[in-house]
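Work through the following exercises on a ligand site and an aromatic pair. Each task is followed by a stepwise solution.

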Amino acid sequence: MRNLLFVISGPSGVGKGTLVEELLKADGGLQKSVSCTTRLPRPGETPGRNYYFVDREAFERGIEENAFLEYDAHFENYYGTPRAFVEKTLKTRSVILEIDVKGGLSCKRQMPERTVLIFIAPPDLRALKERLLGRRAETEEQIELRLARAEYELSRREQYDYVVVNDDLQQAKEELLAIIQREKNRN
Ligand code: 5GP
């Protein structure tokens, strides 16, 4: 069985986080990589579990030291995948990254044989907007920014290996587990 890098991307509000949690529960051979970010924690987020929250200076030092497998800036904050953790974990297990499309494509360029890109798509954009509004954690303006970003992400999904529509959580989870098994077992 191969140890692979599974990248889960998709517009925010599409349910990626919940799906990733479900995958980790269902498949003990998967390990999630926790990203670093310079944004502040949201209520309910735990450092080291959701993200490593670092300041800009520390992040920029990491960039200089080539500590990120990939990194990007969104909404004026940096987000990056710790390279050492991913490389070490891949020796024994498969790794899940929950990152944006640009980051996913960057992983694919660096590790084409090992990276499987999976895009989670909403059934439709209106459903996504309703979900984002339902969160109520953000201002109208922040939601508009996220929707614009969502449209951009959706426009890039053809570059992904798989697209899974998250209409029904259970069904999406099973589809994802099947993809993961198939890819791990491929020679
Ligand atoms: P949020 O602030 O909602 O947690 O994340 C904003 C965006 O950053 C999401 O699209 C998320 O997938 C992306 N993101 C999170 N971690 C990383 C990372 O390590 N690298 C990249 N490129 N994007 C990330």
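The exercises below treat the ligand shell, its polar contacts and one pair of rings.

This is a predicted model, in which local features need pLDDT of at least 70, side-chain atom pairs count only at pLDDT 80 or more, and totals for chains, interfaces and linings use all residues. Residues are numbered from 1 along each chain as its sequence is written, and side-chain values use heavy atoms, with hydrogens and water left out.

**Exercise 1.** Describe the shell around the ligand.

Step 1. A residue is near the ligand if one of its heavy atoms lies within 4 Å of it. There are 16 residues around the ligand, and Ser35, Arg39, Tyr51, Tyr79 and Asp100 come nearest.

Step 2. Strand S5 (68-74) and strand S6 (77-82) are the elements that give two or more residues to this shell; strands are DSSP runs of E with at least two residues, numbered from the N terminus.

**Exercise 2.** Find polar side-chain atoms that face ligand atoms.

Step 1. A polar contact is a pair of N or O atoms within 3.5 Å.

Step 2. Ligand oxygen atoms lie 2.7 Å from a side-chain N or O atom of Ser35 and 2.7 Å from a polar side-chain atom of Arg39.

Step 3. For Glu70, a polar side-chain atom is 2.8 Å from a ligand nitrogen atom.

**Exercise 3.** Classify the aromatic pair of Tyr51 and Tyr79.

Step 1. Rings of Phe, Tyr and Trp (its six-membered ring) pair if their centres lie within 6.5 Å; planes under 30 degrees apart are stacked, over 60 edge-to-face, the rest tilted. The whole structure holds eight such pairs.

Step 2. Tyr51 and Tyr79 are 5.7 Å apart centre to centre with 65 degrees between the planes, hence edge-to-face.

Step 3. Tyr51 lies in strand S4 (residues 51-53) and Tyr79 in strand S6, 28 residues apart, and the pair links distant parts of the chain.

Note on methods: Polar contact = N/O pair within 3.5 Å; in protein donor to acceptor, adjacent residues only side chain to side chain. Helix = DSSP H or I, 4+ residues; strand = E, 2+ residues; numbered from the N terminus.
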